[in-house]
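The following exercises concern one protein model. Please work through each task before reading its solution.

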Amino acid sequence: MDYLKIFAPATVANVSCGFDSLGFAVDAVGDEMTFTKTAEKGVKITNITGADLTYNVDENAAGAVVKKMLNEANANFGIELTIHKGFSPGSGLGSSAASAAGAAFGANQFLGSPFSELELTKFAMFGEEVACGTQIADNVAAAIYGGFVLVRSYNPLEIIKLPVPLALRVVAIHPQIPIKTKDAREVLPIKIALKDAVTQWANVGGLISGLYTDNYNLISNSLVDIIVEPVRKEFIPFFDDVKNSALKAGALGAGISGSGPTIFALCKGDEIAEKVYKSIEESYKNTGIDFEMFVSKVNPKGIKILK
Ligand code: HSE
């Protein structure tokens, strides 16, 4: 193989109740990346479009991952990378994760696929660390495995792929204000009350059970976050208005996508998703803040090969 083009999806981490442990992949939005094999060893980033990111391989989430994998596999060739961002860094949609996961997937193809999805997730987590200082797994695992994922354990890393009820749709609004994951993590509580932990872990269980049984009511009742959302929503102008508009229009639930500012709403079916889209759009259009929106299926497969 000399050339590869892939799609690396945007992802929604946390899914309300599952901070750092739940995520899902989006179908409609993501990055495109190309990989070209070179006789000369080493990694080079030759083009980045759609975002202002570093070409320095050691500081770029994608570049650093490819370099690490080629080194570990003792590859006798190099790779040239291009990255075409389909969505912005700082959106809360797993931008660095898409690059890191895409890089891990792509490099693996050139090496003859020696690494499992779990191993690719570990390499991609290294890319997350390069980009934002922490080895978070929820976005990268969702991009690599596709569908919904549960990070059952960080040490040792264990990822469980969860089912995707077919009628689930996601509507998202990205207010154009950047939030750094690092900043959004610094405000989080270090200790929480036991009664809050009980509420939260019961909702995680409820959500997972709802995904397995196609129980949209249970999914809806479980899309609640009483620990992280109350602190982080302060960074997101008009968060409550968006959430209320989504729920009023029939969304199963709504919350912050990853560390924000994107707000996501899960819906049952295209018709409700369309109503939720319009209702959210209406609630935001006079705020004076620019925004982008999309509606999408949940992406069941994760990264896709385009060429
Ligand atoms: N789970 C992480 C967080 C995702 O919420 O900080 C970062 O996008």
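**Exercise 1: Aromatic pairs**

Task. State how many aromatic pairs a search of the whole structure finds, and classify the pair of Phe35 and Phe110.

Solution. The search of the whole structure yields six aromatic pairs, a pair being rings of Phe, Tyr and Trp (its six-membered ring) with centres within 6.5 Å. Phe35 and Phe110 form one such pair, at 6.3 Å centre to centre with 40° between the planes. Planes under 30 degrees apart count as stacked, over 60 as edge-to-face and the rest as tilted, so the pair of Phe35 and Phe110 is tilted. The pair links distant parts of the chain, 75 residues apart: Phe35 belongs to strand β2 and Phe110 to helix α2 (residues 95-110). Helices (H or I, at least four residues) and strands (E, at least two) are DSSP runs, numbered from the N terminus.

The model is predicted: local features need pLDDT of at least 70, side-chain atom pairs count only at pLDDT 80 or more, and totals for chains, interfaces and linings use all residues. Residues are numbered from 1 along each chain as its sequence is written, and side-chain values use heavy atoms, with hydrogens and water left out.

**Exercise 2: The domain contact**

Task. Describe how domain 1 and domain 2 meet, beginning with the domain assignment.

Solution. The assignment, automatic or from a database, gives domain 1 (3-162 + 300-305) and domain 2 (168-297). Their C-alpha centres lie 24 Å apart. The contact (heavy atoms within 4.5 Å) takes 30 residues from domain 1 and 38 residues from domain 2.

Next, consider the area. The two domains bury about 2,400 Å² between them, 67% of it on carbon and sulfur atoms; buried area is the accessible area (1.4 Å probe) that two parts lose on being put together, summed over both. Ser16, Cys17 and Phe19 supply 25% of the area that domain 1 buries against domain 2, more than any other three residues.

Finally, consider the polar terms. One salt bridge is counted between the domains, the criterion being a side-chain nitrogen of Lys or Arg within 4 Å of a carboxyl oxygen of Asp or Glu. Arg185 forms a salt bridge with Asp20, with the closest N and O atoms 2.7 Å apart. On the side of domain 1 that touches domain 2, β1 (3-13), β2 (22-38), β5 (148-154) and β6 (157-162) each give two or more residues. The largest share, seven residues, comes from β2.

**Exercise 3: Backbone geometry**

Task. Locate the cis peptide bond that joins Gly260 and Pro261, and the positive phi of Ser16.

Solution. The bond between Gly260 and Pro261 is cis, with omega about 10°, and Pro261 is placed in the loop between β8 (253-256) and β9 (263-268). A cis peptide bond also joins Asn155 and Pro156, with omega about 5°; Pro156 lies in the loop between β5 and β6. Ser16, although not a glycine, has a positive phi of about 70°, and Ser16 is located in the loop between β1 and β2.
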